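This briefing is meant for a reader meeting the structure for the first time. It starts with the pairing of strands and then turns to individual residues and charged pairs.

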Amino acid sequence: DGFGNVCDKTLNLDGSRQLSYVLSGVVDKFDAITLVNNVTLTAPSADDTGVKVLDLRTPILEVASGSRIDVSGKGLRGNRNRVDQVYAGSWDCGGSHGGKGGTKDLGSAPGVYGDLRKPVEPGAGGCFTTGTAGAGGGVIHIVVTDRLKLDGVLAANGQTASGNAGGGAGGSILVEMPPHPPEPRYIFLA
């Protein structure tokens with residue numbers, strides 16, 4: 001059916017049925033979302049209308065070992081040395097986001113942007129004169145109101161580049177959960 005198995009308002013994405021699923025926008029119609037059997041949930045690639053955010057809002061989210069929510073390379077596209085764009089640099093530079101992208105020779109990377117306390121911006125793509133620049137990482141926003149079980153991977157990496165081009169910057173992952181004392185607190189490293 002293209003969107004996994006829906007049963008009793010639970011969205012079950014199963015890698016034994018389909019290896020990957022593409023969703024964008026706010027997904028908030030389910031009481032639970034589960035990813036099992038090495039499945040990947042991702043967002044569409046950025047296009048001329050912008051970056052497609054993967055925004056999951058559910059009481060229960062379970063990502064089994066081997067499964068992943070991955071928007072790597074789904075951020076801002078690489079550009080050909082256009083300095084008129086907010087996120088653009090020049091001359092074979094790496095994309096910027098929370099830190100400034102690297103440069104080669106006379107290049108200049110785009111400025112740093114985003115909010116460390118509320119990371120919801122995509123990574124910028126790299127710049128190129130020759131080769132193919134990497135796209136930046138996309139945006140994952142997750143709101144879980146009851147239980148999160150994360151044995152799999154959340155990823156928003158920038159893409160690598162080819163030739164003399166620069167790679168993309170990492171995107172953003174924001175996981176919001178209400179505190180449930182005295183249960184253990186979870187630490188997420190990105």
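In this predicted model, strand β7 and strand β9, which covers residues 139-150, pair in the parallel sense over nine bridges. Strand β7 itself runs over residues 54-63, and with seven of its 10 residues buried it is mostly covered. The points below follow β7 and its partners, then a separate open sheet order, then two buried loop residues, and finally the salt bridges.

**Strand β7 and its partners**

- Within the pairing of β7 and β9, D55 has H141 of β9 as its bridge partner, and R57 stands opposite V143 in β9.
- Strand β4, made up of residues 25-27, pairs with β7 in the parallel sense over three bridges, and in this pairing G25 stands opposite L54 of β7.
- Strand β5, made up of residues 32-36, also pairs with β7 in the parallel sense, here over four bridges, and T34 is the residue that stands opposite E62 of β7.
- Strand β9 also pairs with β11 in the parallel sense, over five bridges, and H141, which is the bridge partner of D55, stands opposite L174 in β11.
- As background to these pairings, strands of a sheet are held to one another through backbone hydrogen bonds, and the arrangement can be either parallel or antiparallel.

**The open sheet of four strands**

- Four strands form an open sheet in the order β3-β6-β8-β10, and their pairing is parallel.
- The edges of this sheet are taken by β3 (residues 20-22) and β10, and because each of them has a single partner strand, one side of each is left without a neighbour in the sheet.
- Neighbouring strands of this sheet are turned by 15 degrees against each other on average, when direction is ignored.
- The edge strand β10 pairs with β8 in the parallel sense over three bridges, and in this pairing I69 has L154 of β10 as its bridge partner.

**Two buried residues in loops**

- S67 is placed in the loop between β7 and β8, the latter covering residues 68-70, and S67 counts as buried because its relative accessible area is 1%, where the limit for buried is under 20%.
- A polar atom of the S67 side chain lies 3.2 Å from the backbone nitrogen of V39.
- When its neighbours within four places in sequence are left aside, S67 is in contact with L35, V36, N37, N38 and V39, and also with G152 and V153.
- A156 is found in the loop between β10 (residues 153-155) and β11 (residues 172-176), and A156 is likewise buried, at 8% relative accessibility.
- With neighbours within four places in sequence again left aside, the residues in contact with A156 are V71, S72, G137, G138, G170, G171, S172 and I173.
- The C-alpha atoms of A156 and P122 are 8.6 Å apart in space, while the two residues are 34 residues apart in sequence.

**Salt bridges**

- The count of salt bridges comes to nine, and three of them are described here, beginning with the pair of E176 and K118, whose closest N and O atoms are 3.8 Å apart.
- Because E176 lies in strand β11 and K118 lies in the loop between β8 and β9, this pair ties together parts that are 58 residues apart in sequence.
- E176 is partly exposed, at 30% relative accessibility, and K118 is also partly exposed, at 41%.
- K149 forms a salt bridge with D151, in which the closest N and O atoms are 3.8 Å apart; K149 is partly exposed at 44% relative accessibility, and D151 is partly exposed with a relative accessible area of 45%.
- K29 forms a salt bridge with D28, with the closest N and O atoms 3.6 Å apart.
- Which partner of this pair is exposed and which is partly exposed? K29 is exposed, with a relative accessible area of 60%, whereas D28 is partly exposed, with a relative accessible area of 39%.

Key: Residues are numbered from 1 along each chain as its sequence is written. This is a predicted model: local features need pLDDT of at least 70, side-chain atom pairs count only at pLDDT 80 or more; totals for chains, interfaces and linings use all residues. Side-chain values use heavy atoms; hydrogens and water are left out. Buried means under 20% relative accessible area, exposed over 50%, partly exposed in between (1.4 Å probe, protein chains only). Two strands pair if DSSP finds at least two bridges between them. Contact means heavy atoms within 4.5 Å. A polar contact is a pair of N or O atoms within 3.5 Å; within protein, one must be able to donate a hydrogen and the other to accept it, and residues adjacent in sequence count only if both atoms are side-chain atoms. A salt bridge is a side-chain nitrogen of Lys or Arg within 4 Å of a carboxyl oxygen of Asp or Glu. Axes are lines fitted to C-alpha atoms, for helices over the stretch in contact, and angles run from 0 to 180 degrees between N-to-C directions.
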